[in-house]
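Me: I would like to learn how to read a model of this kind feature by feature. Could we look at it together and take one topic at a time?

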Amino acid sequence: MPDMEYIKYDFRLRFRKLATDVGIRVVDDRILKYPLPFSDDTILASWISKDLRKVMRVQESDYDDGTFQFDGFVGKSGLDYEYDDLCVIAVASNEKAKEIFDLYKLWFIENISPEKMERILESHFERFNKS
């Protein structure tokens, strides 16, 4: 099994276990129906909540120089940019499943605003990345 396939499989297992352990039903996990600005073979998972008008994606980065480990951004997506879109980009995402799950809970369960999520992503960026 190639590294990317292992990371994707392992990430999904870890993420589902975290959700099950705290009794959270994960929103729809599916391939998004609109084009992404990057190759979807690096996407480990994507979730969409039509009720909240939110999307979250986890993308595995192939850039691993020892300094970059975690990043993310919040934007708009959808055919008419109708969804708030959270994208988390990480190296070895499967090893960061807990942190990503915590972001998932904030985004979908606590329904925090995109502005608050941007600040949280900044703190994660500072914590995980070496200067």
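Me: Which residues gather in a patch of negative charge on the surface?

Reply: Please keep in mind throughout that this is a predicted model. The residues that gather in a patch of negative charge on the surface are E115, E118, E122 and E126. One of them, E126, lies in helix α3, which covers residues 114–128, and this residue is exposed because its relative accessible area is 62%, where exposed requires over 50%.

Me: Before going further into details, what pattern does the chain follow when read along the sequence?

Reply: Read in that direction, the pattern is α-β-β-β-β-β-α-α, which corresponds to 3 helices and 5 strands in the chain. As for cover, 46% of the 131 residues of the chain count as buried.

Me: How many residues of strand β3 are buried?

Reply: In strand β3, which spans residues 54–60, 7 of its 7 residues are buried, so that the strand is described as mostly covered, given that buried means under 20% relative accessible area. With a strand it is useful to ask about each face separately, and here both faces of β3 are covered. On one side K54, M56, V58 and E60 are buried, and on the other side V55, R57 and Q59 are buried as well.

Me: Which strands are joined to β3 by bridges, and do they run parallel or antiparallel?

Reply: Strand β2 (residues 43–49) is joined to β3 by 6 bridges, and these two strands run antiparallel. Within this pairing, I48 has V55 in β3 as its bridge partner. Strand β5 (residues 83–90) is joined to β3 by 7 bridges, and in this case the strands run parallel. Here the bridge partner of E60 is A90 in β5.

Me: What do β2 and β3 form, and how many residues are between them?

Reply: The two strands form a hairpin with 4 residues between them. R53 is placed in the loop between β2 and β3, and R53 is partly exposed because its relative accessible area is 36%. L52 is found in that loop between β2 and β3 too, and L52 counts as partly exposed because its relative accessible area is 29%.

Me: How should I read the sign of phi in such a turn?

Reply: The general idea is that most residues other than glycine have a negative phi. Against that background, R53 deserves a look, for its phi is near 60°, a positive value in a residue other than glycine. N111 is another case, with a positive phi of about 55° although it is not a glycine. The place of N111 is in the loop between α2 (97–109) and α3, and N111 counts as partly exposed because its relative accessibility is 39%.

Me: What separation do the C-alpha atoms of L52 and N111 have?

Reply: The C-alpha atoms of L52 and N111 are separated by 7.7 Å, while the two residues are 59 residues apart along the chain. A further pair can be read in the same manner: T42 and K8 are 34 residues apart along the chain, and their C-alpha atoms are separated by 8.8 Å.

Me: Where is T42 placed, and is T42 buried or exposed?

Reply: T42 has its place in the loop between β1 (28–29) and β2. T42 is buried, because its relative accessible area is 17%, and the limit for buried is under 20%.

Technical notes: Residues numbered from 1 in each chain as written. Predicted model: local features only at pLDDT ≥ 70, side-chain atom pairs only at ≥ 80, totals over all residues. Heavy atoms only, no water. Patch = residues over 30% accessible without salt bridge, like charges linked within 9 Å, V, L, I, M, F, W, Y side chains within 5 Å. Areas by Shrake-Rupley, 256 points an atom, 1.4 Å probe, with all protein chains shown as cover. Salt bridge = Lys/Arg side-chain N within 4 Å of Asp/Glu carboxyl O. Lys, Arg positive; Asp, Glu negative; His and termini not counted. Charge placed at Lys NZ, Arg CZ, Asp CG, Glu CD. Buried < 20%, exposed > 50% of the residue type's maximum accessible area, 1.4 Å probe, protein only. Pairing = 2+ DSSP bridges.
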